[in-house]
Amino acid sequence: MRILVVGGGWYGCHIAAEIKRQAPNSQVSIFEKSEDIFTQISGKYGIRLHAGPHYPRSPATREACQRGFNEFLKHYPQLVNHHTYSDYGYGILDTMSQPSKVTKTEFMAVCQELKGVREVDPKERNYESLGYVADIVEPSIIVGHRLRVFFWNYLQELGIRVCCNFEVESVEKYNGTSIVRVKDEENQYEFDHVINTTSFQSLVPVAYCFRNPLPQKLNVIYQTCISLVYEQQSLPVPEKPFSFIVLDGWFPCLMPYDDRKSSSETLKKYMFIHGKWTILGSFATVSEAKDLLAKIDDDFICKFIKRNCESDMNRFWPKFSENFKFIGWDGTVLAKVKTDTEFRSAVTFQSTSNGVIHVFPGKVNNIFDAGREVLSFIGLRQEKFIFEEQGFVYVQGGSLDVGKCEIKSIPRLHNTCDLQTYNELLE
């Protein structure tokens, strides 16, 4: 069996490895358009092993995160940083003076779903304007050089072929074989199965490009997102990092950013994202989101984003500015499903027109659910399938099937997927 995985990030590399482990005699290849694996979203933004409370309005997302949490710790323990504490704070009013999207009672109940949760007195951490704080067990994940080295070794040991600077332009089905064409390559490649793990930014089904519905009428949007990077200034730097996240709405999040080349180096970097200020625009196509990203420069970041983010963080943690120094920023485009509950699990489905198996991105935890569903599509697991008239197939009882009620929920006002922050700031 000849398998092609398009995209060399978390989903692509994990799924390729799972296939090879289950079918050692199969020929598994990864085609990555960049010069190396884990250089795009997975290598920069996949920094958190979600325990679930970040999605208090999405039971399906929390359950999926919790399923993958222990699996990740078991499969990839060397890629995890355990924290001194991981604080989730209940914000009373967000950056636009709007109340949290859930009540304090609802938020507390979500945190208490987990083992080992400890309620924290806000004064203990010098927090302000928070109605409740819970310290939960939620590690972070390394990115950068060490992550790439780990997976290069892992994939090589399994005998998986990795081709970088290979941008797949098209996949067509002919007599049961997938014909793959790569940009700037005269040759074409033949595979039995093709799996798209490009964050739904390449090989998007042709029908969807003409606005025909995806399975369960997935409402996909592309967002121009940035992250700010800070360096911890206070001494001594703790042996273990921490995280501080305020919910639920347009609030700040501060998380460790471990791109160290060696674990012996001191971990000082943190990533700062915000529920409003670091989401600059929401679009129907990936090209529109990339066009906006190309407009962002240092002046815009410092004049608008950094200032607003720091101001909001200081509302909840006044000591932030004296403990952290801004050192840079990065940007990317993220695909999301627009729902009322902010559903953020990965979903997997297959196009009947060309046979491509699409893995729509979710959290890093979701690689295991996605991997199992891909194994079903290629015949390595026995599952029942659901066929849709729109020309797609998905696994019965899989993430798309289980989450369909949330996926179909109609977004109300104050939805993250409606944000047009860049335009608002320039008005």
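This is a short tour of one helix and one strand, with their neighbours, in a predicted model.

**Stop one: helix α5.** Select residues 145-158, and you have the 14 residues of α5. From its first C-alpha to its last, the helix reaches 20 Å, close to the 20 Å expected at 1.5 Å a residue. Now show side chains for Arg146, Leu147, Arg148, Phe150, Phe151, Tyr154 and Leu155: these residues of α5 are buried.

What covers them? Add α1 (10-22), β2 (27-32), α2 (41-44) and β8 (161-164) to your selection; the cover of the buried residues of α5 includes these elements. Before you leave, click on glycine 159, just after α5, where phi is positive at about 80 degrees.

**Stop two: strand β13.** Next, select residues 220-232. Here 12 of the 13 residues are buried, so β13 is largely enclosed by the rest of the structure.

**Stop three: the partners of β13.** Bring in these strands one at a time.

- Select 324-337 for β18, which pairs with β13 in the antiparallel sense over 13 bridges. To see one facing pair, look for glutamate 231 opposite lysine 325 in β18.
- Select 279-283 for β17, an antiparallel partner of β13 over four bridges. Here tyrosine 222 stands opposite phenylalanine 283.
- Select 269-274 for β16, also antiparallel to β13, with four bridges.

**Last stop: glutamate 231.** Which lysine in β16 stands opposite glutamate 231? Centre the view on glutamate 231 and you will find lysine 269 opposite in β16, while lysine 325 stands opposite glutamate 231 in β18.

Terms used:
Residues numbered from 1 in each chain as written. Predicted model: local features only at pLDDT ≥ 70, side-chain atom pairs only at ≥ 80, totals over all residues. Heavy atoms only, no water. Helix = DSSP H or I, 4+ residues; strand = E, 2+ residues; numbered from the N terminus. Expected span 1.5 Å × (residues − 1). Buried < 20%, exposed > 50% of the residue type's maximum accessible area, 1.4 Å probe, protein only. Contact = heavy atoms within 4.5 Å. Pairing = 2+ DSSP bridges.
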